[in-house]
Amino acid sequence: MSDAPHVITFDTLTEHYQPIVGGKCASLGTMSQAGLPVPPGFAVTTAVFAHARDLSETQQEINDLLADTDVDDSAALAAAAAKCRDIVTGWPLAPDSEQLIRDEYAALSAYCGVEDLPVAVRSSATAEDSPDASFAGEHDTYLWVRGADEVIDKIKSCWASMYTDRAIAYREEMGYEHYNVDMAVAVQKMVRPRSAGVAFTLDPTNGDRSGICIDSAWGFGEGVVSGAVTPDNFLVDKVMWCVNRRTISPKAQAYQLHDDAVSLVDLDEETANAPSLTDEEIIAIAKLARTAEKHYGCPQDIEWAVDDDLPAGEDVVLLQARPETVWSKKSHEVKAESDLMSSIVSTLVNPLYAKRGGTES
């Protein structure tokens, strides 16, 4: 892979490059080329990671450190993980790699018409979202990163997140060799979300594929993904495109932008108890999720946002799509989405069909 590209924009990231960009970047490239609304950005490939690792000549030190660590001993694991992260953040970037990243970030800023464009810097490991395991949430994402120096710093931090306590333990549990997992990084234009969350193209409570389940909260999606906020929940019928179930939760806090940084803030009572999506937005998210599911050919776990920088009707963007990994393995136990009559009957007998503005109690 010595001649592999070091930087690839999402709109040119074809399947040919997927082995060197990790699960997250591969998904962003696929969605971008499929015409789905994805904020622009680029992948820093595993070639940059591998080159920096080899220049440092520290991989054997990391291997030995982890080989001597009992992952069931939480104190020992934490100490070893911290040492590994210190080693990785100290890796030098090759001058040509660093210049390519700086140039691509400048080009992205120019394309978006914003000097030092705020970006999300997101880990994309090569083992991520594999068919037999899901590393979702195991590695780090950094929001509202501005300036080339900070982008490069956060790229190294993403690499280092391969060696959190949780990531090390998970690889051990799944039987992955630590030195066989490489890390790419996504650098993507930041959205300014009024609300954000996740969507499953099946009902995660029972595996029913006739509906799309959406979790939503105010601000950035980290509140939903991390579990810091109890989200609103909506179930949309794939045939009738109506909301069959809705639960509006008290969302006392939200991750929002303040002083050029994202932080968890308290919300006033009225906002906390208000729905974080309109019905039009709910259906728009559901239809985009369904389009992604059709494109990939299997149930999807999707991250989305309503971007306040975009006009109404065009403001729903997709930030990630990955295969759903729980119910998809039990496909013989769930209801087929082609069961049109069951879907229609379910919708018509549902009391919320006639009371779409209600709050589930």
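Which residue takes a positive phi just after helix 10? It is Gly297, with a phi of about 80°. The legends below start from the model as a whole and then move in. This is a predicted model, in which local features need pLDDT of at least 70 and side-chain atom pairs count only at pLDDT 80 or more, while totals for chains, interfaces and linings use all residues. Residues are numbered from 1 along each chain as its sequence is written, and side-chain values use heavy atoms, with hydrogens and water left out.

**View A. Confidence along the chain.** The protein chain averages a pLDDT of 88, where pLDDT is the predictor's confidence in each residue, from 0 to 100. A score of at least 70 is reached by 87% of the residues. Residues 332–338 have pLDDT below 50, and the model gives this stretch 12 contacts beyond near neighbours in sequence; a contact means heavy atoms within 4.5 Å. Residues 351–361 also stay under 50, with 17 contacts beyond four places in sequence.

**View B. Helix 10 and the strands it packs against.** Helices (H or I, at least four residues) and strands (E, at least two) are DSSP runs, numbered from the N terminus. Helix 10 covers residues 279–296, and its end C-alpha atoms lie 26 Å apart. That agrees with the 26 Å expected for 18 residues at 1.5 Å a residue, the expected span being 1.5 Å times one less than the number of residues. Its buried residues (buried means under 20% relative accessible area, exposed over 50%, partly exposed in between; 1.4 Å probe, protein chains only) include Glu281, Ile285, Leu288 and Arg290. The buried residues of the helix pack against strands 6 (193–200), 7 (211–218), 8 (232–237), 9 (243–247), 12 (300–307) and 13 (316–323).

**View C. Gln253 and its partners.** Have a look at Gln253, found in strand 10 (residues 253–258). With 28% relative accessibility, Gln253 is partly exposed. Its C-alpha atom is 6.6 Å from that of Val229, 24 residues apart along the chain. Not counting residues up to four places away in sequence, Gln253 touches Val229, Leu264, Val265, Asp266 and Leu267. With Asp266 there is a side-chain to side-chain polar contact at 3.1 Å (a pair of N or O atoms within 3.5 Å; within protein, one must be able to donate a hydrogen and the other to accept it, and residues adjacent in sequence count only if both atoms are side-chain atoms).

**View D. Cysteines without a partner.** The model has 0 disulfides, a disulfide being a pair of cysteine sulfur atoms within 2.5 Å. Cys158 is buried, at 0% relative accessible area. The closest cysteine sulfur to that of Cys158 is in Cys25, 9.7 Å away and therefore too far for a bond. Cys298, in turn, is partly exposed at 28% relative accessibility.
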